[in-house]
Amino acid sequence: MAHATSLSNHQSEVYATNASFVYSAKYTHAVLSLLDPQPGEKIIDLGCGTGDLTLKIKDAVGDQGEVVGVDSSESMLSKAESASDGNITYLQADIQDLPKVLDAKYKGAFDAVFTSAVLHWTKRDPRGVVEGISWLLKPGGRFVFEFGGFGNTVGIRSGIHQVLRDKGVDPEPLDPWYFPTAAQYTKLLKDTGLNPSEDIALYPRPTPLPGDLKGWLQTFVRNTFFAAFTSEEQETMMGQVQDICRVDNHWADEDGKEGWEIMYVRLRGSATKSQ
């Protein structure tokens, strides 16, 4: 689930082009290691996207295990299903509403709930997400997560807000991101009845982009912050954000090489459901 709104086929292709790092081994090793899937386990991947990590989890649990992937995007799920050989169940749903939309057979059915690079898109109801996770878990089951935390995309988010304000638009209602601190998310887990681990923390992660910043904005901002504007306005506004952020996010050296980099900050940790 790249974000809470549905992606068209074209958008999912743009995502693959401009945000391929999301599924890279370099950036997913830590959270997969924290999950530590075991043979025979039943695990659900929330916001599975094109299923790259879901497949890795299925390989770990083996033929005796079971894996379910959930995403809001039909085009993402189509790609995931085509790569799975039918051995993974994929479901289309908004992960903010799971107890309302999933079959009752999934209640208390999973040894683990996993999610990577998704929960920062659940601004509408982050508590509802955690309540749904508790609903999915068996007693003693674990929840393992990594997503954008406080400080994620620092500078770029400010640039987006500035461009919207310059057009006389209040950016706050249009901002789709939920970037909590470790303390805030730990409290949310406790408030919803889960037992958070002590190692929940923020991890700064400078992330080189495969292209320029405008490509990243096209993937994550054009159809969220800028959705109400015309295509021409969107192009202009993305260019303005790129110009604002160039001083902090663009580099060049004496050999003529150059590139763009974003400061991602990931919130990673785990929690368990009481026995």
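This is a short talk on how some helices pack in this structure, and on a few single residues worth a look.

Okay, hi everyone. Before anything else, keep in mind that what you see on screen is a predicted model.

Let me start with the annotation. UniProt has an unreviewed entry for this one, and that record puts a feature called "domain: Methyltransferase" at residues 39–145. If you look at that stretch in the model, the chain is 32% helix and 29% strand. The C-alpha atoms at its two ends sit 20 Å apart.

Now, helix H6, which covers residues 126–136. How many of the eleven residues of H6 are buried? Nine of them are, so H6 is largely enclosed by the rest of the structure. If you want to click through them, the buried ones are Pro126, Gly128, Val129, Val130, Gly132, Ile133, Ser134, Trp135 and Leu136.

So what about a packing partner? H6 meets helix H8, residues 182–191, with the two axes coming within 10 Å and crossing at roughly 50°. That angle makes H6 oblique to H8. The crossing of H6 past H8 is right-handed. On the H6 side, the contact uses Pro126, Arg127 and Val130, and on the H8 side it uses Tyr185, Leu188, Leu189 and Asp191. Sort those by class and you get five nonpolar residues, two charged and no polar.

While we're in this part of the chain, have a look at the loop between strand E4, residues 110–116, and H6, because that's where alanine 117 sits, going by how the strands and helices are numbered. Alanine 117 has a phi near 60°, which is a positive value in a residue other than glycine. For context, most residues other than glycine have a negative phi. Alanine 117 has a relative accessibility of 13%, so it counts as buried.

There's another residue with that kind of backbone angle. Aspartate 85 also has a positive phi, near 60°. You'll find aspartate 85 in the loop between helix H4 (74–82) and strand E3 (89–92). Is aspartate 85 buried or exposed? It's exposed, with a relative accessible area of 76%.

Right, on to helix H10, residues 231–249. I'd like to show you two contacts here, one with H7 and one with H9.

First, H7, which is residues 156–166. H7 and H10 pack at an angle of about 140°, and their axes are 9 Å apart. The two are therefore oblique to each other. H7 passes H10 in a right-handed crossing. From H7, the contact takes in Ile156, Gly159, Ile160, Gln162, Val163 and Leu164. From H10 it takes in Met237, Gln240, Val241, Ile244, Cys245 and Asn249. By class, that's eight nonpolar residues, four polar and no charged ones.

Then H9, residues 213–220. Its axis comes within 9 Å of the H10 axis, and the two cross at roughly 130°. So H9 and H10 are oblique to each other as well. This crossing is right-handed too, with H9 passing H10. H9 brings Leu213, Lys214, Leu217 and Gln218 to the contact. H10 brings Glu235, Met238, Gly239, Val241, Gln242 and Cys245. Counting by class, there are five nonpolar, three polar and two charged residues.

Did you catch that Val241 and Cys245 came up twice? Those H10 residues are in the contact with H7, and they're in the contact with H9 too.

Okay, two more residues, both linked to strand E5, which spans 137–148.

Threonine 153 lies in the loop between E5 and H7. With a relative accessibility of just 2%, threonine 153 counts as buried. What is threonine 153 in contact with, leaving aside neighbours within four places in sequence? The residues are Trp177, Phe179, Trp216, Ile262, Met263 and Tyr264.

And then glycine 140, which lies in E5 itself. Glycine 140 is partly exposed, at a relative accessible area of 35%. If you skip residues up to four places away in sequence, glycine 140 touches Lys273, Ser274 and Gln275. Tryptophan 260 is another matter: glycine 140 and tryptophan 260 are 120 residues apart in sequence and 43 Å apart in space, C-alpha to C-alpha.

That's everything from me, thanks for listening.

Note on methods. Residues numbered from 1 in each chain as written. Predicted model: local features only at pLDDT ≥ 70, side-chain atom pairs only at ≥ 80, totals over all residues. Heavy atoms only, no water. Axes fitted to C-alpha atoms, helices over the stretch in contact; angles between N-to-C directions. Helix = DSSP H or I, 4+ residues; strand = E, 2+ residues; numbered from the N terminus. Parallel < 35°, antiparallel > 145°, perpendicular 65-115°, else oblique. Left-handed = near helix turned anticlockwise from the far one by under 90°. Contact = heavy atoms within 4.5 Å. Nonpolar A, V, L, I, M, F, W, Y, C, P; charged D, E, K, R; others polar. UniProt positions renumbered as here; feature names shortened; annotations may be inferred. Buried < 20%, exposed > 50% of the residue type's maximum accessible area, 1.4 Å probe, protein only.
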